[in-house]
Amino acid sequence: MSGDGEEDLPAFVALHGAALRASRVPARYWESLCRKLRGEVFDAGDYFGIMQVEEVDEEEEGDEEMEEELKKKPNPGNEPCFKVIVTNENGLQASNPNSIFLIDHAWTYRVEHARQQLLHVPGLLHRMTNLMGIDFHGEIPDEGSIEQVLQEMWKYNQTYQLSQGTAEEKVPVWYIMDEFGSRIQHSDQPSFATAPLFYMPQQIAYTVLWPLRDLETGDEVTRDYAYGETDRLIRKCVLLPWVPNEMLNVNCFTPEPSDEHYQAILAENKEKLPMAINPPVYDKDKIFKVFTDIQQVLNNLTHPRFVFTDNEGEADILYNFSHFKDYRKLSEERPEVMLNQFPCENLLTVKDCLASISRRAGGPDGPRWLPRTFNLQTELPQFISYFQQRDRRGEDNHWICKPWNLARSLDTHITNSLNNIIRHRESSPKVACKYIENPVLFHREDVGMVKFDIRYVVLLRSIKPLKLYVYDVFWLRFSNRAFSLDDLDDYEKHFTVMNYAPGVTLKQVHCEEFIPLFEKQYPEYPWTMVQANIFKAFAELFQVASAKPAPLGICDYPSSRAIYAIDLMLKWDTSRDGKRIMQPQILEVNFNPDCDRACKYHPTFFNDVFSTLFLDETDGCHVTCIV
């Protein structure tokens with residue numbers, strides 16, 4: 001490498017060192033990698049070749065070992081079968097600092113854009129069908145071929161996500177390596193390792209490939225498709241897209257996690273639990289100083305018993321947008337200061353925790369008011385067993401994969417493909433929730449029967465005793481297209497969150513207008529009865545969430561108060577006595593929800609909230625006590 005290349009190395013390492021260390025790329029290769037990236041040197045062709053492999057005929061007096069080997073190395077996709085081998089006459093030495101190679105990416109995309117890109121990007125469908133061994137002879141993209149690629153791509157997909165940027169920019173990116181990279185087969189004893197690397201100067205991602213041992217001419221290039229996974233059962237699950245396996249013998253019950261699981265979450269969140277304090281007592285005409293960074297509160301709280309302060313140190317109430325961490329210090333130094341959150345409330349607001357605490361109400365299957373949910377990080381074998389059992393019984397198997405802790409339907413995907421769900425686990429921690437295949441629909445005159453969800457704001461006044469209120473006004477969100485169990489990537493058919501999607505119609509119906517329309521469509525289901533069941537589900541949820549001491553439950557801190565938004569849908573179900581019922585399904589609980597619509601249509605909203613939570617005065621505040 002030339003002198004100026006050596007000067008470039010510290011700058012390259014400053015930018016990419018952390019990523020290279022995380023991917024365990026040996027430092028001896030970094031200088032050569034820097035040079036190859038800067039010069040866009042793709043020299044893998046000098047060392048490797050792609051070989052087509054004939055399938056071994058079972059009638060032949062075959063070498064059993066060879067057959068076993070072939071079973072271990074399934075080819076992603078269909079016939080014909082390919083493998084990559086070392087063709088350089090001198091072989092390849094792992095100690096050689098130049099033994100690192102760049103693999104280009106044939107297709108980079110976000111899942112929600114895949115279908116449109118296959119339809120509209122010239123040549124893309126043709127290249128993907130070729131790469132995956134799918135028959136496609138036409139020039140014009142057809143639905144059948146696109147559907148096959150969307151199914152098969154989960155055997156080829158790799159993923160990365162950007163660590164900086166907006167929530168949208170951090171949504172995982174999926175990519176398919178070029179023909180060379182995509183034909184590197186799996187082995188439990190791989191000869192090479194690969195890792196994605198985002199090259200900052202060009203803002204391009206490549207895959208880097210390096211040997212794990214010395215190889216001779218003719219040796220096969222393999223990688224471990226379950227790289228880093230050591231547990232045998234989990235490896236079997238992770239490799240299922242390439243090595244089909246029945247997991248029906250795995251018990252699909254998901255009991256509530258151990259106490260240690262909750263202790264680990266507390267430690268990971270860096271939350272310090274408060275000391276025990278006596279409930280603060282205030283003069284009944286005290287004016288409270290409020291410190292807040294939430295614009296909606298600053299703009300809309302006009303109640304005479306609250307004034308704003310810019311000095312956090314003199315505040316009586318801290319109403320923060322971001323999560324508060326050091327409750328211990330607050331409880332020791334300023335126990336009388338109230339705040340708008342509870343220690344350990346993430347047990348409600350993070351989706352995997354919500355599912356695990358809810359099992360206290362309904363056993364391992366969970367309660368009737370929560371869709372069956374699996375944590376894909378910790379309950380993957382149970383999920384696969386459950387999926388395969390449903391499949392065998394011919395039951396609906398549509399699932400929705402959601403990140404543990406993202407809102408607004410970001411990185412959320414509906415699918416009935418097991419391979420798809422298993423692979424989604426690699427991009428970010430996710431839960432798989434049973435998709436509601438039989439939702440209660442609402443008739444929109446302009447569209448037909450559409451999905452809708454309902455948002456209630458609940459106010460948690462205290463844990464011991466449990467005091468929970470619900471705001472009397474609720475909010476509705478509607479899909480824009482008639483519901484059917486197809487076109488699973490059609491956002492406007494399957495999702496209801498339209499207020500963040502540019503150029504998308506947002507249908508608004510006020511709750512007072514909605515109730516008579518709903519009752520006209522469903523005369524046997526008066527809204528008071530439906531809502532009573534909804535409130536019963538809320539009450540049960542908060543009872544189980546506070547049933548155990550922190551960190552196994554929400555912490556009983558007398559100075560805490562909170563508001564949450566609960567999103568739910570209604571589904572058709574059968575009661576124990578055989579009647580057709582509308583069963584509430586809690587979808588998520590949101591911390592510090594966006595109250596823009598609430599303030600716009602109900603200017604007293606924050607006066608009502610503050611009066612209920614901090615003054616214990618509920619008269620005329622449009623709230624109903626449900627616990």
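Leaving aside neighbours within four places in sequence, Phe-605 is in contact with Val-457, Tyr-471, Trp-475, Ile-563, Cys-595, Ala-598 and Cys-599, where contact means heavy atoms within 4.5 Å. The model described here is a predicted one, in which local features need pLDDT of at least 70 and side-chain atom pairs count only at pLDDT 80 or more, while totals for chains, interfaces and linings use all residues. Residues are numbered from 1 along each chain as its sequence is written, and side-chain values use heavy atoms, with hydrogens and water left out.

Phe-605 also has a place in the largest nonpolar core, a set of 93 residues in which Phe-538, Leu-570 and Phe-605 touch the most other members. A nonpolar core is taken as a set of buried Ala, Val, Leu, Ile, Met, Phe, Trp, Tyr and Cys residues joined through side-chain atoms within 4.5 Å. Buried stands for under 20% relative accessible area, exposed for over 50%, and partly exposed for values in between (1.4 Å probe, protein chains only). Helix H18, residues 527–545, gives the most to this largest core, with nine residues; helices (H or I, at least four residues) and strands (E, at least two) are DSSP runs, numbered from the N terminus. Apart from the largest core lies another, of 24 residues, with Trp-242, Met-247, Leu-418 and Ala-432 among them.

Turning to the cysteines, the structure holds zero disulfides, a disulfide being a pair of cysteine sulfur atoms within 2.5 Å. For Cys-252, the nearest cysteine sulfur is that of Cys-237, 13 Å away, and Cys-252 itself is buried, with a relative accessible area of 12%. For Cys-555, the nearest cysteine sulfur belongs to Cys-344 and is 6.0 Å away. Cys-555 is buried too, at 9% relative accessibility.

Charged side chains come next. The count of salt bridges is 36, with a salt bridge defined as a side-chain nitrogen of Lys or Arg within 4 Å of a carboxyl oxygen of Asp or Glu. Glu-395 can be followed to two partners. With Arg-390 its salt bridge has the closest N and O atoms 3.5 Å apart, and with Arg-393 the closest N and O atoms are 2.9 Å apart. Arg-390 is buried, at 11% relative accessible area, whereas Arg-393 is partly exposed at 49% and Glu-395 is partly exposed at 33%. Lys-493 and Asp-487 meet in another salt bridge, at 3.2 Å from N to O. Here the lysine, Lys-493, is buried with a relative accessible area of 7%, and Asp-487 is partly exposed with 41%. Elsewhere, salt bridges link Arg-115, Glu-143, Glu-147 and Asp-489 in a network.

Aromatic rings offer a further set of pairs, 51 in number. Rings of Phe, Tyr and Trp (its six-membered ring) pair if their centres lie within 6.5 Å, and planes under 30 degrees apart count as stacked, over 60 as edge-to-face and the rest as tilted. Phe-324 and Tyr-327 have ring centres 5.2 Å apart and planes at 65 degrees, so this pair is edge-to-face; both Phe-324 and Tyr-327 are buried. The pair of Phe-383 and Trp-399 is also edge-to-face, because the planes stand at 85 degrees, with the centres 5.0 Å apart. Phe-383 lies in helix H14 (residues 380–393) and Trp-399 in strand S16 (residues 399–403), so their pairing ties together parts that are 16 residues apart in sequence. Phe-383 and Trp-399 are both buried.

Some rings have a charge over them, meaning that NZ of Lys or CZ of Arg is within 6 Å of the ring centre and within 35 degrees of the ring normal. Arg-183 lies over the face of Phe-82, 4.0 Å from the ring centre. In a second example, the charged end of Lys-286 sits over the ring of Phe-288, at 5.6 Å from its centre.

Two local regions complete the picture. In helix H2 (residues 30–39), the buried residues are Trp-30, Ser-32, Leu-33, Cys-34, Lys-36 and Leu-37. Just after H2 comes Glu-40, with a positive phi of about 50 degrees. Leu-212, for its part, is found in the loop between strand S9 (204–211) and strand S10 (220–223), and is partly exposed at 44% relative accessible area. Not counting residues up to four places away in sequence, Leu-212 touches Pro-190, Ser-191, Phe-192 and Ala-193. The C-alpha atoms of Leu-212 and Ala-193 are separated by 6.7 Å, although the two residues are 19 residues apart along the chain.
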